[in-house]
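User: Please take a close look at one part of this model, the second largest pocket. What lines it, and what lies around it?

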Amino acid sequence: MAEFEKHGYEVPTPELIKTPAQIEKIRASAKINTGVLDAVAAVIHEGMSTQEIDDIVSSYTKLHGAVCAPLHFEGYPKSVCTSINEEVCHGIPSRLRKLRDGDIVNVDVSTILDGYYSDASRMFMIGQVSEADRRLVEETKKCLEIGMAAAQPWAQVGDIGYAISKYAHSKGYTVVRELGGHGVGLEFHEDPFISHIGKRHTGMLLVPGMIFTIEPMINMGKAAVYIDPYNQWTIYTQDHKPSAQWEHTILITETGNEILTY
């Protein structure tokens, strides 16, 4: 990496390159994280409260000897984020909030196992979803896949955002700028910040051993967002049009990348 640094590249600091032992620990955490989302997927339905989702996440995580990373993180009050329709992210579960026919909902799960972190989210479509909302959900998943395909060893962080935003804009969508992916593994949020808007051949070099999330937030309307003034957590689209998000934790390898949260 010294040669890259000499030529002006931004290179990751040593702690961002995970050791084989650390990678195995993070992989074990990710396996539980995936199991949590599978457990939610098996039962999510119209009429279910978002608190019921939180209860499933909490009980499954505890049963497998792990900890829900969001709970009490910087004051966040729940074990999972459940973001519905125009909620971009950080929706707070409640027994009063019921899933309704036509809703699209993002369930964002983060797990700590033996001190090692993993993070992923999925979209769910409840009942009869409109064609426009269904397309948004599917195209956002495609954005994630395109971003992961761009995350190759010795590429750069900007390549990821460039690929995602180019595709999203070609489909008539906008990309949330204020939020993005992040390094993960030894902490909940590490460097680098993974913007989903970027320029090719810019940003930190992607080096084998790096682990981070890609989690594009794609809006049907304008890109502008705002934070709930009451709970200071939930982020909404400013024009109240729907937003979707998919997320994986990936490992940069010598030959490509590995999705840890499958």
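Analyst:
**The second largest pocket**

The second largest pocket has a volume of about 170 Å³. Here a pocket is an open set of points on a 1 Å grid over the protein atoms alone, where a 1.4 Å probe fits, with protein on both sides within 12 Å along at least five of seven lines; lining residues have an atom within 4 Å of a point. A volume is the space filled by probe spheres set on the points, which are joined across faces, edges and corners. The model is predicted: local features need pLDDT of at least 70, side-chain atom pairs count only at pLDDT 80 or more, and totals for chains, interfaces and linings use all residues. Residues are numbered from 1 along each chain, and side-chain values use heavy atoms, with hydrogens and water left out.

The lining has 13 residues, and Lys141, Leu144, Trp246, His248 and Tyr262 are the closest to the pocket's centre. By class, six are nonpolar, three polar and four charged (Ala, Val, Leu, Ile, Met, Phe, Trp, Tyr, Cys and Pro count as nonpolar, Asp, Glu, Lys and Arg as charged, the others, Gly among them, as polar). Helix α4 gives the largest share, four residues, and β5 (116–125) supplies at least two. Helices (H or I, at least four residues) and strands (E, at least two) are DSSP runs, numbered from the N terminus.

Isoleucine 214 touches Leu144, Trp246 and His248, among others; touching is contact, meaning heavy atoms within 4.5 Å.

Technical notes. Lists of a residue's contacts leave out its neighbours within four places in sequence.
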